[in-house]
Amino acid sequence: MTDLSLYRNIGIFAHVDAGKTTTTERILKLTGKIHKIGEVHDGATTTDFMDQERERGITIQSAATSCQWKGHRFNIIDTPGHVDFTIEVYRSLKVLDGGIGVFCGSGGVEPQSETNWRYANESEVARVIFVNKLDRIGADFYSVVKQVKKVLAAHPLVMVLPIGIEEEFKGVVDLLTRKAWIWDNSGDPMNYEIVDPPADMADKIEEWREKLIETAVEQDDAMMEQYLDGKEPALEDIKRCIRKGTIALNFFPTFCGSAFKNKGVQNVLDAVVDYLPSPTEVVPQPEVDLEGNPTGQSAIVDPDRPFRALAFKIMDDRFGALTFTRIYSGRIKKGDTVLNTFTGKTERIGRIVEMHADERIELDGAQAGDIVALIGMKNVQTGHTLCDPNKPATLEPMVFPDPVISIAVAPKDKAAAEKLGIAIGKMVQEDPSFRVETDEDSGETILKGMGELHLDIKVDILKRTHGVEVIVGKPQVAYRETITKRVEDSYTHKKQSGGSGQYAKIDYSIEPGEPGSGFQFVSAVTGGNVPREFWPAVEKGFRLSQDRGVLAGFPCLDFKVTLTDGSYHAVDSSAIAYEIAAKAAYRQTMPKAAPQLMEPIMKVDVFTPEAHVGDVIGDLNRRRGMISGQEPGPTGVRIKAECPLSEMFGYIGDLRTMTSGRGQFSMEFKHYMPCPKNVSEDVIKETKEREAKK
């Protein structure tokens with residue numbers, strides 16, 4: 001029986017290039033899990049094991065690994081920072097108990113840090129903050145602390161102060177013990193000494209230490225009184241208060257260092273042990289019944305309760321599909337049968353493995369609090385609940401955003417065509433934000449994703465991992481259609497060809513709905529002119545038609561259909577006749593309701609050096625962007641804007657040209673807005689030309 005209080009399930013998340021993977025490498029070295037440190041720029045890190053990750057120096061998929069520190073077991077997930085892969089961060093945070101938020105000492109709180117921080121808030125994950133790269137030019141620890149307060153509206157609890165900055169950075173002062181940790185320049189994280197801090201820092205240390213203790217004792221009334229009476233509580237009591245406040249998300253213990261230079265990582269590991277929750281200390285995962293309604297029960301982390309686990313990631317490697325699973329309660333062993341509540345089918349667990357990036361260690365069993373990979377699962381997908389077949393329950397499922405960009409791909413030859421279907425099937429299982437459709441008219445395969453880089457990587461994986469050569473079309477925007485005018489209309493469907501015929505007459509109105517309301521159907525028929533049993537058929541006809549708008553064939557959003565009257569024939573009327581009538585009525589009436597094309601608008605966050613602000617804003621305006629704000633920072637300016645996705649293709653190249661390679665940007669979907677007339681006409685014309693070619 002393992003002591004769950006010695007477990008820590010943590011994730012490492014941050015903006016691109018803040019140093020997450022480097023920090024993970026240092027943690028693995030310090031905990032004895034690896035003996036040689038791999039570097040991102042050499043493409044030799046442990047957790048970035050995909051070819052695409054090693055070449056680009058970015059993390060694409062979250063990698064899991066386990067290690068030991070001071071008698072505690074850490075399950076660590078290194079997550080990507082790039083906005084196109086936020087789904088990886090979101091689903092990892094859903095199953096973690098704590099996190100380390102890494103911020104760059106010179107870049108500060110960058111756009112993606114905000115998104116990840118918001119996800120962590122929604123998932124109620126306790127965090128410690130690590131301000132990394134303090135050895136870089138322009139690094140400023142105190143400025144990053146201010147940014148965390150201002151931009152994230154969070155309360156950073158400063159636990160250490162840096163000694164020196166930029167090239168002079170050599171260590172940190174632990175405020176609780178008033179001791180300095182000084183590392184030498186050998187690059188070995190174990191070569192440090194604990195000494196008295198520099199005399200010129202004495203005032204600063206006392207000032208920040210007082211703030212730290214005042215904030216900590218607010219968690220305990222008795223200690224607060226004791227402190228106000230002039231007695232400083234014992235070190236262990238202060239730590240207990242910090243732990244309580246961290247788990248309650250009242251504040252976030254903040255550390256600093258340079259992972260690359262191996263300075264300051266030990267303090268973060270100690271903080272994970274001291275302040276982040278064990279699996280038994282977090283809010284239990286709520287359970288819902290098979291219809292999705294809350295049951296009022298929760299999956300309390302306890303090995304002796306019925307088995308409950310959440311599959312949070314599917315990964316296909318050379319040995320078959322791995323199902324990454326967080327076990328909330330109960331225990332399992334090899335050969336057990338578990339129920340998947342989403343499919344209603346049971347699955348047999350072939351093998352259980354503990355992952356160390358892409359290596360695996362076989363286990364006989366696992367229990368509450370563990371994060372393991374299961375082999376042998378047939379129909380399990382991300383977000384599915386696995387549970388005890390005799391005591392079923394569903395954990396709160398995950399919600400994934402809709403893709404905003406698509407490309408068409410076609411296999412180069414017949415052999416590739418067969419492989420393409422199998423490869424895409426595996427990729428869709430692995431990534432819930434990646435969708436695939438087949439265009440019925442042209443037979444093309446349409447890949448849909450969260451951004452250009454996302455789809456770029458997918459095509460690369462098809463070529464390299466699955467050996468499928470494809471021809472790639474140019475990116476397409478996921479436009480939508482809607483209507484702007486209310487129309488009353490009538491349609492009669494009659495078909496007579498010997499024997500029983502078909503007859504259905506409907507009177508109805510179609511009107512625009514509120515933004516985000518989707519499709520609504522109401523029947524206001526009285527007196528049985530359209531019998532009640534045919535109403536669902538009318539609704540079905542309209543609902544099925546909404547996938548294809550009348551302007552350019554894009555799905556139609558936000559409209560309401562009211563069935564007002566009609567008539568039927570005692571013999572010839574049937575559900576199918578009313579469904580056909582509704583489909584024809586949609587095609588007849590929608591063009592009269594002033595249809596309008598809607599385009600996806602993206603929330604864009606651009607970072608640029610101050611000298612190029614004018615160029616960047618001018619360029620965004622040319623792209624029909626609306627500037628919503630500017631924030632000057634220590635190393636440049638952040639510009640926030642809203643831009644149509646169609647204008648943002650290839651933006652990164654233009655931005656780098658304008659800013660001499662120093663600009664960065666991230667964007668995420670915000671909402672749909674009506675297209676300007678000239679854009680709308682071009683899109684409709686282009687779509688019709690494409691249809692004609694088919």
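Okay, let's start with Lys 133, which sits in the loop between strand 5 and helix 5 (141-152). When I say helix or strand, I mean DSSP runs, H or I of at least four residues for helices and E of at least two for strands, numbered from the N terminus. Phi of Lys 133 is near 60°, a positive value in a residue that isn't glycine. Most residues other than glycine have a negative phi. Is Lys 133 buried or exposed? Lys 133 counts as buried because its relative accessibility is 18%. The cut-offs are under 20% relative accessible area for buried, over 50% for exposed, and partly exposed in between, with a 1.4 Å probe and protein chains only.

A quick word on what we're looking at. This is a predicted model, where local features need pLDDT of at least 70 and side-chain atom pairs count only at pLDDT 80 or more, while totals for chains, interfaces and linings use all residues. Residues are numbered from 1 along each chain as its sequence is written, and side-chain values use heavy atoms, with hydrogens and water left out.

Now the whole chain. It has 16 helices and 38 strands, and buried residues make up 54% of its 694 residues. Take the contacts, meaning heavy atoms within 4.5 Å. Of those with a separation of 6 or more, 71% are between residues 24 or more positions apart.

Back to strand 5 (residues 126-132), which pairs with strand 4 in the parallel sense over 7 bridges. Pairing here means that DSSP finds at least two bridges between two strands. Gly 98 in this pair stands opposite Ala 126 of strand 5. Why is strand 4 (residues 98-104) described as largely enclosed by the rest of the structure? Because 7 of its 7 residues are buried. Gly 98, Ile 100, Val 102 and Cys 104 point one way, Gly 99, Gly 101 and Phe 103 point the other way, and all are buried.

Ile 100 turns up again in the largest nonpolar core. A nonpolar core is a set of buried Ala, Val, Leu, Ile, Met, Phe, Trp, Tyr and Cys residues joined through side-chain atoms within 4.5 Å. Which of the 71 residues in this one touch the most other members? They're Phe 74, Ile 100, Met 159 and Ile 242. Helix 9 (residues 265-275) gives the largest share, 7 residues. Apart from this core lies another one, of 44 residues, including Ile 617 and Val 679. As for Phe 74, if you skip residues up to four places away in sequence, its contacts include Ile 10, Trp 69, Leu 269 and Val 272.

Next, Gly 369, in the loop between strand 21 (365-367) and strand 22 (371-375). Gly 369 counts as buried because its relative accessibility is 0%. Beyond its neighbours within four places in sequence, its contacts include Leu 4, Asn 75 and Pro 279. Ser 329 is 40 residues away from Gly 369 in sequence, yet their C-alpha atoms are 7.4 Å apart.

Let's move along to an open sheet of 4 strands, in the order 31-32-34-33, with mixed pairing. Strand 31 (487-495) and strand 33 (519-523) are the edges, each pairing on one side only. Strand 32 (residues 502-512) and strand 34 (residues 559-567) pair in the antiparallel sense over 8 bridges, and Asp 507 has Asp 565 of strand 34 as its bridge partner.

Which helices lie across these strands? Helix 12 (residues 535-545) lies across strands 32, 33 and 34, at about 155° to strand 33. Helix 13 (residues 575-589) lies across strands 31, 32 and 34, at about 40° to strand 32. For those angles, axes are lines fitted to C-alpha atoms, for helices over the stretch in contact, and the values run from 0 to 180 degrees between N-to-C directions.

After helix 13 there's a loop leading to strand 35 (595-608), and Ala 594 lies in it. Ala 594 has a positive phi of about 50° although it's not a glycine. Unlike buried residues, Ala 594 counts as partly exposed because its relative accessibility is 28%.

Last stop: Glu 642, in strand 37 (residues 637-644). Glu 642 counts as partly exposed, at 24% relative accessibility. Which side chain does Glu 642 join through a polar contact of 3.0 Å? That's Lys 670. A polar contact is a pair of N or O atoms within 3.5 Å; within protein, one must be able to donate a hydrogen and the other to accept it, and residues adjacent in sequence count only if both atoms are side-chain atoms. Glu 642 and Lys 670 are 28 residues apart in sequence and 8.2 Å apart in space, C-alpha to C-alpha.
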